[in-house]
Amino acid sequence: MSTMKDVTLEINGKNIRAKDGMSILQAAQAADIEIPTFCYHEKLEPYGACRLCIVEITEGKRTRLVTSCVYLVKEGLMVKTNTERVNKIRKMILELLLPLAPTGPLKTLAHQYGVKESRFPAEPTFCILCGLCVRYCAEIKKENAICFMGRGIDRHIVFVSEISAGVCSFCRECHDLCPSGKITKLSEEVASLSPLESEI
Ligand code: FES
């Protein structure tokens with residue numbers, strides 16, 4: 001028998017019932033309240049990398065910003081998903097990411113937040129390191145056909161040719177997850193290389 005209790009919290013002034021152990025993001029999504037995300041996927045462990053899902057919470061007299069995909073619901077918690085402070089930070093995140101991936105869902109969301117251009121130099125790697133492809137392939141597909149390489153500013157994703165050659169053409173499930181178009185580009189690049197060149 002499940003021991004999971006319900007808790008009541010408030011999101012944007014509305015009382016929401018949620019299961020104890022849910023994240024604020026999951027509770028909001030269950031109540032049809034939209035919070036933008038880049039690195040969250042319902043089937044994957046939360047990652048907390050992009051910070052786009054930040055929200056403002058009030059507990060007692062204390063108000064602060066938290067990452068809603070990893071912060072768990074609590075009885076009586078008050079949450080606001082689109083305050084001026086929250087939107088300002090989301091705008092800054094989008095402005096930082098836009099030079100990396102100036103097309104696709106990222107561009108669409110940036111425009112929704114009024115970010116048409118970025119003050120930061122263009123660096124179109126088309127990857128924002130959200131890790132969705134890497135984690136989905138490892139956690140859901142159990143294949144590890146794509147992985148991170150390098151550290152810091154050199155961090156990037158690569159297909160592991162020994163594995164990807166056998167599985168990727170039949171799967172392609174990571175293509176629709178990518179918010180920045182990197183996977184499609186990388187697949188095309190790998191397909192155009194000789195087998196020797198595509199090895200990492
Ligand atoms: S969706 Fe929460 S940090 Fe990326």
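R17 is exposed, with a relative accessible area of 55%, where exposed means over 50%, buried under 20%, and partly exposed in between, computed with a 1.4 Å probe on protein chains only. The model is a predicted one, in which local features need pLDDT of at least 70 and side-chain atom pairs count only at pLDDT 80 or more, while totals for chains, interfaces and linings use all residues. Residues are numbered from 1 along each chain as its sequence is written, and side-chain values use heavy atoms, with hydrogens and water left out.

I stay with R17 for a moment. Its side chain meets that of D6 in a salt bridge, at 3.7 Å from N to O; the term denotes a side-chain nitrogen of Lys or Arg within 4 Å of a carboxyl oxygen of Asp or Glu. This pair links distant parts of the chain, with R17 in strand β2 (residues 14-19) and D6 in strand β1 (residues 6-11), 11 residues apart. Strands here are DSSP E runs of at least two residues and helices are H or I runs of at least four, both numbered from the N terminus. D6 is partly exposed, at 34% relative accessible area. A network of salt bridges links D6, R17 and K19.

How many salt bridges does a search of the whole structure find? The search returns 7. One of them joins K74 to E59, with the closest N and O atoms 2.8 Å apart. K74 sits in the loop between β4 (62-67) and β5 (78-80), and E59 in strand β3 (residues 54-59), 15 residues apart. Both partners are partly exposed: K74 has a relative accessible area of 37%, and E59 one of 26%.

Another salt bridge pairs R119 with E95, the closest N and O atoms being 2.7 Å apart. R119 belongs to the loop between α3 (104-112) and α4 (132-140), and E95 to helix α2 (residues 84-97), 24 residues apart. Here the two ends differ in accessibility: R119 is exposed at 61%, whereas E95 is buried at 10%.

I turn next to the sheet. Its 5 strands form an open sheet in the order β2-β1-β5-β3-β4, with mixed pairing; two strands pair if DSSP finds at least two bridges between them. Because β2 and β4 stand at the edges, each with a single partner strand, one side of each is left without a neighbour in the sheet. From one strand to the next, the twist averages 35°, with axes taken as lines fitted to C-alpha atoms, for helices over the stretch in contact, and angles running from 0 to 180 degrees between N-to-C directions. Strands β3 and β5 run antiparallel and are joined by 3 bridges. The bridge partner of I57 in β5 is V79.

What lies across β3, β4 and β5? Helix α2 does, running at about 150° to β3. Helix α2 has 14 residues and reaches 20 Å from its first C-alpha to its last, close to the 20 Å expected at 1.5 Å a residue, the expected span being 1.5 Å times one less than the number of residues. Its buried residues are V86, R90, I93, L94, E95 and L97. They pack against β3, β4, β5 and α3, contact meaning heavy atoms within 4.5 Å.

I close with K182, which lies in helix α6 (residues 182-192). K182 is buried, at 17% relative accessible area. Not counting residues up to four places away in sequence, K182 touches T125, F126, C127 and I157.
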